[in-house]
Amino acid sequence: MDRSGARPLREQLEQQLRDGIRRGVLHAGTPLPSTRALAAELGISRGVVVEAYAQLAAEGFLVSRAGAVTRVAHVERHEPSPPAVPGPPRSVRFDFRVEAADLSAFPRRAWLAALRDALHDAPDAALGYGDRAGVPALRATLAAYLGRARGVAAEPERIVVCTGMTQAVAVLARALRRSGVGRVGVEDPGFPVHRRVLAREGLAVVPVPVDRDGLVVQALEGADVGAVLITPSHQYPLGMALAPERRAGVVEWAVRRGAWILEDDYDGEYRFDREPVGALQALAPGHVVYLGTASKTLAPGLRLGWAVLPEGLAEAVTEAKALADSGSPQIDQLALARFIERGDLDRHLRRMRGRYRRRRDLLVGALERHLPAVVVEGLPAGLHVTARLPGAWALGPLLARAWERGVGLHGFEHGGVSRLMLGYANIPEASVAGGVRALAGIATGSGAPATS
C-alpha cells in the first residue's frame, strides 16, 4: 500500500483485488481474510477494508453474506496482453514526404494571441455545444475570406465547419446517400484516403481517368455517377490545374445531369508562377461543394476544415455533422476567426509562399543537376512536385533504399509510368540539395534499380 501516493488506500486495495481476480490469481470460491485480519496485516484501518469489500461485492467480484466468509465470485478470467513494444522509428534525415505544411513555421505567437483573445471575449455559451454547423463568427469570417481569396460564392449559413477534410468527405458521403446518390467518381490517380472514406460510407467509387489537362470529363458520361470528387486547382498527385475547357465541361455535366461536384481545394492558396486559379465553385454554386482546410495553410493538428454547400445539400450535411460529433471545438473556431480577421492568416501565407517558392526552386535545380534523367512535373502550385522516372527504374526498390538511408518520400505508378512525389514544405532550404544528392546516389550509385 502506497501511503505517499495520490490514490486513496481504499482504491489501491480495490484495484489489486480486482486485478488478482481477473487474472485468476484469486480463484472463484477462494475465501478472503476477515476485514479485521486484513486490516491488521496491511496496517490500515478496518473501515478501509470494509468499504473495499463492499464495493467489490457491489461490482460482482466478491460474494458477501451476513455471518459468512467473503469469497471470490465467479468472474471470467482476463489476462491482459503485454504492451506492444514499438519498433524503432524510421529515421528521416531528408524529409520529402507530402503530408503537411511547414510545421516549424506555425505562427505560434499570433495563434496564441488569437486563442487568448478569443477565450477572454467568449461568452459562457461558447463553452457549450453551440451551433453544430460551426461557430457563427467563424462561418461569417470564412465566407468573407473565401470570397476574397478564392472567389467562392459563400453564405455563412451554408458553411459547415468540420474536423478536417476527411470528416468533411465522410459527412458529405452520408448526405449524398440520403439524397439518392449511390456512385461517386474519383480522379485516377487520386487521394486514396478519400476513396476509402467514400467506400466505407457505402458509396460505389468509380475511377475517372486523369491526363495532362486534368480530369477527363468525357469519361464521366459513361460512368453513371451522381457526384465527382476532384482537385481542380492542383491535381493530387500529378500536380496540374484543370484546363479551362475541362472546368467548363465538368460544370456543364453537373448542371445537365443534376449531379454534384465535390471540389477539394486542399492547397489552393499556393500558386507561384502565374495568377491563382479561382475556385471552380464560383462557376456553379448550386452544384459544387467547396472543401477547404487549415491543414496546408497552418497545421493539420488544428483539425479544422470547412464545406461550402449548395442549398440542396446544406441541411443533410449539417445533420450528418451534428450526429457525427455534435460539432467541432468552439474555442478553436473562435481563435481561427480572430486569426483571420486580424490579418494574421494573410501575413502568414505571404511569408510562406516566398519560403515555399525558394524551396521548390532549390529542389528543381538540384534535380536538374543530380538526377537529370527524371522529368519534373507539377511545378506551378502546391507543396510538392512529381519526378517521372526512366522506364528502366523500378519504383519499389528505389523507395525501399531511400527509406533505409534516411530519405523519406513516397511514389506511385500511373499509366505504366513511375513517379516520385517530392514535397518541399518540411525540408529546410539548406538540406534540399543534400537530400537530392542522397537520392541520386541511391538511384545511380550502383546503377539505377532495374525492373529485372
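This report describes a sheet, a helix packed on it, some aromatic pairs and the nonpolar cores of one protein chain, all taken from a predicted model.

**The sheet**

Strands of a sheet pair through backbone hydrogen bonds, and they do so either parallel or antiparallel. In this model eight strands make up an open sheet with mixed pairing, and their order across the sheet is β4-β11-β10-β9-β8-β5-β6-β7. The edges are formed by β4 (159-162) and β7 (214-215), each of which pairs on one side only.

At the β4 edge, the pairing with β11 (residues 305-308) is antiparallel and runs over four bridges, and Ile159 has Val308 in β11 as its bridge partner. The side chains of β4 point in two directions, with Ile159 and Val161 on one side and Val160 and Cys162 on the other, and all of these residues are buried. At the β7 edge, β6 (residues 204-211) and β7 are joined in the antiparallel sense over two bridges, and Val210 has Leu215 in β7 as its bridge partner.

**A helix on the sheet**

Helix α10 (residues 311-325) packs on this sheet, where it touches β4, β9 (260-264) and β10 (288-293), and its direction makes an angle of about 25° with that of β4. The helix has 15 residues and spans 22 Å from its first C-alpha to its last, which is close to the 21 Å expected at 1.5 Å a residue.

An α-helix has 3.6 residues a turn, so residues three or four places apart point the same way. The buried residues of α10 are Leu313, Ala314, Ala316, Val317, Ala320 and Lys321, and what covers them includes β4, α6 (165-178), β9 and β10. Just after the helix, Ser326 takes a positive phi of about 60°.

**Aromatic pairs and a loop**

A pair of aromatic rings is described by the distance of the centres and the angle of the planes. The structure holds five such aromatic pairs. In one of them, Phe191 and Tyr236 meet edge-to-face, with 5.3 Å from centre to centre and 85° between the planes. Phe191 belongs to the loop between β5 (183-188) and α7 (192-200), while Tyr236 belongs to the loop between β8 (227-230) and α9 (244-257), so the pair ties together parts that are 45 residues apart in sequence. Elsewhere, ring pairs link Phe106, Trp111 and Phe339 into a cluster.

Thr231 also lies in the loop between β8 and α9. Apart from its neighbours within four places in sequence, Thr231 is in contact with Glu187, Tyr236, Asp264 and Tyr266. The table gives the accessibility of Thr231 and of the two ring residues.

| Residue | Relative accessible area | State |
|---|---|---|
| Phe191 | 32% | partly exposed |
| Tyr236 | 14% | buried |
| Thr231 | 7% | buried |

Because buried means under 20% relative accessible area, Tyr236 at 14% is counted as buried, whereas Phe191 at 32% is partly exposed.

**The nonpolar cores**

In soluble globular proteins, nonpolar side chains tend to be buried together. The largest nonpolar core here has 69 residues, and those with the most contacts inside it are Phe96, Tyr356, Leu363, Leu409, Leu420 and Leu422. When neighbours within four places in sequence are left aside, the residues in contact with Leu409 include Phe96, Leu399, Trp403, Leu420 and Leu439. A second, separate core of 39 residues includes Ala227, Leu229, Leu309 and Ala316, and Ala316 is also among the buried residues of α10.

Terms used. Residues numbered from 1 in each chain as written. Predicted model: local features only at pLDDT ≥ 70, side-chain atom pairs only at ≥ 80, totals over all residues. Heavy atoms only, no water. Pairing = 2+ DSSP bridges. Contact = heavy atoms within 4.5 Å. Axes fitted to C-alpha atoms, helices over the stretch in contact; angles between N-to-C directions. Expected span 1.5 Å × (residues − 1). Buried < 20%, exposed > 50% of the residue type's maximum accessible area, 1.4 Å probe, protein only. Phe/Tyr/Trp six-rings, centres within 6.5 Å; stacked < 30°, edge-to-face > 60°. Core = buried A, V, L, I, M, F, W, Y, C linked by side-chain atoms within 4.5 Å.
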